[in-house]
Structures are given as structure tokens and as C-alpha cells.
Amino acid sequence: MIQFLQNLIDAISLGSIYALVALGIGLLFGILRLINFAHGDFITIGAYALIVPSADVTARLMIGGWPWPLLIPAVCLIVVVAALLTDALVFRPIRRASSPTLMIASFAVSYIIQNGVLMAYGSRPKAVDLWSGANTQVLIGTLRVPMLQLITLVTTLVLMVAISLFLKRTSYGVQMRAAAEDFRMAQYLGVRGNVVIGIAFAISGILAGVVSLLYTTQAGSLSHTMGVPLALFAFVAVVVGGMGSLVGAVVGGFAIGMIVTMLQAYLPPDLRAFRDAFAFAFVILVLLVRPAGLVPAHTSFERV
Amino acid sequence: MRALFVRHQTPALLIVLLGLVAAATLLSAGDTLQVTLTEMYIRVIVVVGLYVFIGNSGIISFGQVGFMCIGAYAAAWATAEPNFKQIMLAGLPAFLQENQYPFLLAIAGAMLLPAAVALLLGVAIMRLSGTAASIATFAFLIIVNSVYSNWDSVTAGVSSIIGIPTVVGPWTAYVFAAIAILVAYAFQVSRFGLMLRASRDDEVAARASAVKIVRMRLAAFVLSAALVGVGGGLYAQFLGILTVDPFYLNLSFITIAMLVVGGMFSLTGAVAGVVVVTAIVEGLRFLERGLTIDGAKYALPQGSQEIGLGLLMALILILRPNGLTRGRELAPLPPAPAKTAASTEAVRLSGQSGTVG
Amino acid sequence: MAALVEVDGIHVRYGDLIALRGISLTVAVGEIVCIIGPNGAGKSTTLAAIAGGVTPHAGDIRIDGQSILGQRPERIARLGLSLVPEGRHIFGTLTVEENLRIGGDIRRDRAAAKADMARLLELFPRLAERLKYPASRLSGGEQQMLAVARAVMTRPRLLLVDEPSLGLAPKVIDQIYDILLDLRRRANLTLLINEQSSNRILKHADRIYVLRGGRLQLAGRAADLQDGEAIRHAYFGFGEGHAARAEAPM
């Protein structure tokens, strides 16, 4: 029982990370109809911003050595700038393009960022120790929960509440929801398309920045493809949760986290290496049954 | 005879031109570019395979390289030395372990196994919307990579399968490339192809005739996997050594880039894209090695190839989203003058086009 | 009377499909101008072009004498134009109140916007009752009222209304028109309205344009066209080539 609860907490913690990534992706999809393949690479940028650019195996901390109140905003700022730049340079010129074109463009951005990081930092994974206290265990009842997992959970909750409030209570938030539903009509009413899109990229960037910190603290190492599995699980979470629905993205994130953790815990040892394969097979199963996702967006079917 | 050539001039011209490229390259550079040439023809097969699905259905598949991996390993299982297989790949069924099969049989396996997998996967995901299906194909790529990297007893995991007979050179690859072009062409002018293209641009209309579209997409998906698989099989028997690494994100990107640069919606685009991008990448590679002028060495930094390709792709998407061929087919020859069915068809075929919305 | 909007020989194309061929029209301040025509005539495209939703590849559109060709809809909205599109396009996932607020967001004077919302809710009591409902739950007629109210929230000088009567019951259509005319009086609104059927609007319009097949077939003062004969000709295309072109618009 204890073991199961531990696994559950692991699942929720992993699910939080996927939910945050999925939220970043879902936000851009809702407003722009863009599946941002480069989102994982935004996370990579945030992580690599922590160290000094070099091909050395042992990384020296750059921003990573700053105190937390400076570190967190700095990383988020860098990722936000990167996100806004990619929008301005690549996505804005192809605003009116079809979905496949947008997808491929984001794939190109992803490729460029990955190889750019590769060029600047070399191909060997780098060890980074952001916070050695991350794994001190906190006692909750009879459960031992690593500090980092608690922080992940709390951070996720705080961010989700913040975004929710932003979307519901602020005028920009309402404009974003309107633009996500009917971009052209929002424009006719004076909603500034580029501003709303910029805000979406910015929020997406902040989410990516936070994830990069959480993930790097946990994994302890960086590689130029570190964002790929995160993004992939998140895409799948968005699809499973229901494309175009933010709630769906979050639900999907937790669902994927649950599936992956449970498979990790309960698959027989010789099949563990195929955990990811099983996870995706399960996902395809879900899609067979509910192609619109678990929490479909309630606007017209053309969204998907 | 001439009427036949004109009527189907697109594939005919493409095949002839590709042959000329080979002749020209071999004449001018001799043996040094044989490897590049062979690889290029294999890429033609793969990208044409990609085109059969993406160009006709309008759905981007990021996972076709997974089928290339399956095909490559299928060929390797057939043709590697039995001694090697019995030690390293003990998980293979006996008939594979103990025997070494001829080239064509290996290619047949490289065609059929990916096609079978595509059939199973396609039944599941062809019903999804374009975007969701694309994500599913991306997941498929990762699954194949994960499975093949870890199933040590069958694929040697992260180490290599060696000793595959290297029977594939530029001319073999060329012949298969020509076949691939003909097959792709036959599909796109068939009823399946035409109906699929008609539904491609309007997903709502496609939904209205749901059942048929799914079946046609599935046909395109399976055919695509078969072609790409053959490419993989040839690749294995060209390199002689096989690992899982190449069949992942980089190659996926390169092949998609080739298709996009050439033009996603035309066969000419697929072929042209491979040739153009190969030329550019070779050029960048040469510049990375560097030139010595007056004793000083000028070289592009490592990794310029990749970034250059990425930038090229982004530029094409922004400036010429339909690719260099603008989605049109190569058809410069005027149709035969007679007012027969043949000439009207030639006009219809040469005017084939598609657009990116 | 000053021209508020001048459309000057615009040609609009959707891919290979030519939607408008050389359309010219003007709307002066304070007028009610109506565009009539059958389905597919190009009425919606004309309004969309004025509002900035599509860009003509030839010709010009001027507002207050300045060309707005190629400008984004949100900029044109800030010049005082508001579009109530065909099919309403209300934001179904937002509440009625949020729909109205979006219209008001463009205004710099938040207090005035709030006051306007209060006044509009008096004018549209049904909307006031359903203020917190998601807009998708409103009936067709209520949605049309919401679309109009929302557009008016931007304090436009010119209201572009695309087929306000489409899909609505006659009584509801009457209400909508009453409100439009009322708003015109109160807020000094200029109106440019698309309709398929001319009956109702002939009573109120100052001038009429008839479109068919993407071309202007007839332009004239409503007063001169009361018997409907010329309109019928232009609308149905009898006597192609004898298309009646009445006096040039002001």
C-alpha cells in the first residue's frame, strides 16, 4: 500500500511536469493552430542558459550559480525572448499557412535550435548540480517524499491557478480566449492579433523555463536532445487530453504521467526497457476509442 | 510510342534526368562521389515513399524513417552471416539465423515487413485528424527507435550488425529509384490517388465521405511504408553495417526537408528536392572541411550543414511554401496534336497541381 | 455630406476563385446604405474587404479619405468600423458579458465603455437576463442581438452588418431592425447592411447597391427604386448587357 502511494506520488509529480509542458503546447495550439515541435527545445535553451557555453564535459555554472530569486526570472526571461524571436522570425511570416506547413516550420525551428546548441556546447551530456537539497526527503505521514517532487507539485498548482485567473479575469486573458475560439472575429473587434499571440508565446516560454529548471534539478544533466522526450510525451498528452482544450492538455499530462510511472513500476523487469513503447501503444488505444480526446474542446469539430 | 512517353512524361523524364545526373557525376568525379550518389538514390526512394503518403493525403508523417529502420533490419536479418546471427542475434527465428538469403529476397522482406506494420498502425491512426495522426507518427518513430535499441536479442541493441554483404552501388540504387518513381506515379494517377488528392485540401469534405478516405489513406500509408522500407533494405546492403542511430530525428528531418524544399505535392518535387538538398548539403560539407587560400584556412564551423539545412527549410516555407516546383509536375513536352483521349489526358496530367492552403 | 467609406474598383480573389470584380461604392456619414444580391454575389466579401478581413489585389478602399488597403482588421476597427458578420460569430465559450467586454476593450475610456454596456443591456433585456451564460446557449435571435451589441460596444461610426436576418424568424428580424434604427438615431451610427431580400430594407435605406456575380449591377437612391423593377432586373440578371445603371452614387 505504501509502495502504491509512493508510486502514485511519483506519477503525480511526473504528470505535473508533463502537464506544464502540455499546457505550453496547448496554449499555442489553441490560439495559433500551431503544434510547436520546438517547445521541447525551448526547455533545452532554458537549461543550457544555466551554464557557460563550451564543449567541456564538466559544465561551469553561469546563471546556474545565481541565487534563486534571480535565477528563476532570468531563465524564464531568456526562454521567453527565444520564443518571441521564433515567432517573429519564423511563425509570423507564415501566419496564414496551413496546419502541416506550421508543423513542419516548428520542426525546422526545433532542428535549428538542437543543432545550434550542439554547435555551441558539444554533443556530450553535461552534469549539472543545481540544488543538492532536492532529494532530501520530507516525511508526510508514513510517506517519504523527495523535496523536489513537492516543489514540482506546488509549482504546477500555482502556475495553473495563475494562468486560469489570467484567462478568466484579465482583459488580455479574455481576448486570448476569444482569439483562440475565433481569431478573425476577435480581430474585427479590435483585438490585436500579434499582441495576443505574443502573450501566448510568452506564457508558453515561462512554462518552458520553469520546466527546464525543475527537470534539470531532477535529472542532473543536460544534453542537446533533452527536450525531445518531454515534448513528445506532452504532444501525446495534448492529443489524448483533447486538442484545443487547455483542461484537456493538463488532464492528458497527468494521464501520461500516470501511465508511464505505473508501467515503470509494474512492468516485468525484462520489459521495462520497452516502457515508452507500451505507453505509446496505450495512447494509440485511447485514440482509437476517443479520437477527440478525453476532454474535447467544445467549439466546432473543425478545431481538431 | 511517343504518345505514351508524352502522356507519362513526368516519370519518364525524371528517370532519364536522374540517370544523366549519375552519368555526369561519375564522368566528372570518378569514384569519389559514388558513395554520395548511392546515398542520394536511396534517399530518392525514401523521399518518394514519403511523398506517396504526405503528398497525396496532406498528412505529415514524421515516422516514415521508422519504416526505413524496419526495412533495413529486415534485409540485414536475411543477408547477414549465419555465424554472426547465431551468436549476436539469437532471438531471431531459426529460418533467419541459419540461412543467408539472396539480395532480392532480402529486398522483398524489407518491403513486406514495414508494409505489414504500417497496415496495423494505419488501421489505428488513419481515422484521426491530420494533426493528431502526425503526432501519432512521431510517437511511432520514437517507439521503433526504442524497441530496436533495446531488443538486443534480435537487433543487437545499441551495437551494430556487421558483415552485411554490400551489393548495392549507384546503379542498383538507380534502378530501384526508377522503379519507385514509376510506382509512385502509378499510384497518384490511379483512382485511389486522385480521390485522395481531391479530399486532401478540404478536411470537412473528407469527413463527409469518411469511410472511403480512411481506406485510401491507409493504402497510401502502406505503399509509402513499403517504398521507404525498400530504401532501408538497400541502405543496409550498401553500408554493410547497421545500427539504430541513423533512423531517428536527424534523418526524419532531412528527408522531410528534401520533400518540402522540392515541393510536397508533386512527384517532381520529391525527386528535385533530394537532388537539390544533396547538392547543398555536400556543398556545406565541403565548406566545413575548409579551403586553403594563400595559406590561410577558411572553414565553416562544424554543424553548419545542419543549421544551413534548417534555415533553408524555414526560408522555403516562408517564401515558397509549395517548394521549388510550386507543386507542379515536370511536363514540358506539349501533348500529342490528335484530339484523342490520350491528348486530353496528357493535358490533364501535365496540369496536375496542388496547393498549400 | 462627407464620404466615410469609399470603395474604389476593388478586385478580390480567393485562390483561383474571383469573388469581386471592380466593385465601387461609397457610404456617407449618417446614411443607411444597403447591398442586395443573391447568394454568392460577393456581398460578404465586400464587407469583409472594408473591415480588413480580406485584401483586394486591385483597387483601393479609403476611410475618411485615407487608404486602408492591406491594413489589419484590428487597426480598421480602431478607425471606427465594426463588423457584425454573417453567422453571428459570437464567442460561444465566453459568457455574454465577456463577449460584450471584448467589444469594449478597444475603447480607451473604460468608464464610458461600462456606461455603454449598461445602456445596451437596457436596450437588450434578454441579454441582461443571460449575462453570465455561455453565449453558445443563446437562441439564434439572441445571438444576433449579442453580435450587434458587441459590435456597438466598440463605439463605431460605421456599423457593417452582414445579412442580419439570415436564419431568423420575421418577428425577431423586426426587432433587430428596430434596434439598428434606434441605435442609428441615438449613437449617430452610419449603417452598411447586406441583405438577400430587399423588401424590408427598401423602406429604410437611403441608397442601394445591387451585386451579382461579383459585379455591381445597379446603384441608386432607394427613393428612385421603390417600384423594385430595376432591382429585380439587376438581381436576377434579366437582360444581361442591359444592366440598368442608375445615377452614379454621390
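Q: In this predicted model, what makes a run of residues a helix, as needed to place Ala156(B) between α9 and α10 of chain B?
A: A helix is a DSSP run of H or I with at least four residues, numbered from the N terminus; in chain B, α9 covers 152–155 and α10 covers 170–189, and Ala156(B) lies in the loop between them.

Q: Why is Ala156(B) called buried?
A: A residue is buried if 20 or more other C-beta atoms lie within 10 Å of its own, and because Ala156(B) has 24 C-beta neighbours inside 10 Å, Ala156(B) counts as buried.

Q: What is notable about the phi of Ala156(B)?
A: The phi of Ala156(B) is near 65°, which is a positive value in a residue other than glycine. Most residues other than glycine have a negative phi.

Q: Why is Asp64(C) called partly exposed?
A: The class lies between the exposed limit of 12 or fewer neighbours and the buried limit of 20 or more, so Asp64(C), with 14 C-beta neighbours inside 10 Å, counts as partly exposed. Asp64(C) is placed in the loop between β4 (58–63) and β5 (66–67) of chain C, and has a positive phi of about 55° although it is not a glycine.

Q: How many residues does each chain bring to the contact between chain C and chain A?
A: Chain C gives 22 residues and chain A gives 19 residues, where two residues are in contact if their C-beta atoms lie within 7 Å. On the side of chain C that touches chain A, α2 (73–77) and α3 (96–105) each supply at least two residues, and the largest share, 5 residues, comes from α3(C). By class, that side of chain C has 9 nonpolar, 6 polar and 7 charged residues.

Conventions. Residues are numbered from 1 along each chain as its sequence is written. Chains are lettered from A and ligands numbered from 1 in the order in which they are written. This is a predicted model: local features need pLDDT of at least 70, side-chain atom pairs count only at pLDDT 80 or more; totals for chains, interfaces and linings use all residues. Ala, Val, Leu, Ile, Met, Phe, Trp, Tyr, Cys and Pro count as nonpolar, Asp, Glu, Lys and Arg as charged, and the others, Gly among them, as polar.
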